[in-house]
Amino acid sequence: LEIIITILNENDNSPVFAQSNLTRDVPEDTKVDTAIVAREELSASDADLDTIYYELTTTAQDTDGYFAIRGVNNPEIYLQKALDYDKFNSTMLLLYARDRPVTSPDPTNTATATITLIIKQSDTRAPWFLPCTWLHNDTSVCISSPYSGRVNISEMSTELLLLEPGPIYAIDPDYTINDRIVYSIVGGNTDEVFSVGADTGNLTMNKIVTSPDSFLLQVMATQVSNVRKYSVATVEIKVINKSNFPPYFEKGIYNGTVFVGLPQRSFVYQAGDPSTPLVITAMDQDFPDV
């Protein structure tokens with residue numbers, strides 16, 4: 001009697017990843033839809049020769065939606081939303097491999113792989129002149145105010161020019177790169193009156209100014225390793241007559257009278273003369289006729 005016995009394959013093996021832990025560096029400026037981890041590195045095998053079904057999750061809510069797999073049977077991980085180093089610089093993903101669909105009522109064997117992605121800051125921003133303020137609380141944009149200073153007419157200064165709100169200074173906002181900044185004057189420097197320190201940003205005079213016209217300098221800050229990353233700041237230099245004397249008040253003490261119940265912006269009157277507003281005046285010997 002010939003007996004044929006057929007061995008049925010039982011689902012008694014779990015899928016297996018070749019590597020259960022992977023770490024990858026991802027540049028911040030990686031383009032959307034770029035593959036981050038290849039399919040070949042993430043595919044799992046199954047001794048039961050079952051079809052493998054994949055699912056990708058993230059361990060951090062603030063990184064949800066940035067990475068995905070190509071399909072339920074294709075575990076290649078790709079970028080589906082532009083990265084921002086200031087929002088997060090690393091994340092951990094969990095890739096599940098199952099030998100049955102998620103909705104299957106049959107017993108399912110599962111394997112898990114952990115993928116750690118390290119975001120590397122890219123050179124995406126031009127230099128910032130300081131001080132500056134965030135634009136609508138957006139830390140990727142910082143707006144600086146114009147610089148201003150003054151020089152005396154017909155006088156050569158050998159000192160560094162003092163500016164408001166501070167000296168000319170710019171930084172590379174991609175702080176993990178921190179490229180060196182160089183400075184140059186690219187506009188408004190009539191007759192080459194001023195010079196700027198290429199490495200310091202300090203402003204100095206080359207010659208005297210004989211005209212009362214102000215200067216509106218354009219100072220450029222450029223990254224050394226990437227000349228396409230630059231910013232331009234405005235520096236207004238006013239030309240004034242030299243001031244030898246400080247201003248002074250005509251009186252050391254002023255006395256005034258104010259009445260109860262008056263609205264805001266009402267006059268304060270001179271003490272003893274309630275019909276005459278109190279006036280505080282100052283004088284300057286540099287301008288005796290003013």
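In this predicted model, the largest pocket has 16 lining residues, and those lying nearest its centre are Arg-150, Val-151, Asn-152, Ile-240 and Ser-243. Its volume comes to about 330 Å³. Strand 13, which covers residues 147-152, supplies the largest share of that lining, with three residues. Sorted by class, the lining of the largest pocket turns out to be a mix: eight residues are nonpolar, four are polar and four are charged.

Stepping back to the overall layout, the domain assignment splits the protein chain into three stretches: domain 1 takes in 15-120, domain 2 runs over 128-240, and domain 3 spans 245-289. Between the C-alpha centres of domain 1 and domain 2 there is a distance of 48 Å.

Salt bridges come next, and the count for the model is eight. One of them pairs Asp-86 with Arg-125, with 2.4 Å between the closest N and O atoms. Asp-86 sits in the loop between strand 7 (74-79) and strand 8 (90-98), while Arg-125 belongs to the loop between strand 9 (110-120) and strand 10 (128-129), so this pair ties together parts of the chain that are 39 residues apart in sequence.

Finally, there is the start of the chain. Leu-1 is found in the segment before strand 1 (16-17). Together with Ile-3, Ile-5 and Ile-7, Leu-1 makes up a nonpolar patch on the surface. The accessible area of these four residues together is about 600 Å².

Key:
Residues are numbered from 1 along each chain as its sequence is written. This is a predicted model: local features need pLDDT of at least 70, side-chain atom pairs count only at pLDDT 80 or more; totals for chains, interfaces and linings use all residues. Side-chain values use heavy atoms; hydrogens and water are left out. Domain bounds come from an automatic or database domain assignment. Patches are made of residues with over 30% relative accessible area and no salt bridge: like charges are joined within 9 Å, nonpolar side chains (Val, Leu, Ile, Met, Phe, Trp, Tyr) within 5 Å. Accessible areas come from the Shrake-Rupley method with a 1.4 Å probe; for residues, only the protein chains shown count as cover. A salt bridge is a side-chain nitrogen of Lys or Arg within 4 Å of a carboxyl oxygen of Asp or Glu. Helices (H or I, at least four residues) and strands (E, at least two) are DSSP runs, numbered from the N terminus. On a 1 Å grid over the protein atoms alone, a cavity is a set of points where a 1.4 Å probe fits but cannot get out, and a pocket is an open set with protein on both sides within 12 Å along at least five of seven lines; lining residues have an atom within 4 Å of a point. Grid points are joined across faces, edges and corners, and a volume is the space filled by probe spheres set on the points. Ala, Val, Leu, Ile, Met, Phe, Trp, Tyr, Cys and Pro count as nonpolar, Asp, Glu, Lys and Arg as charged, and the others, Gly among them, as polar.
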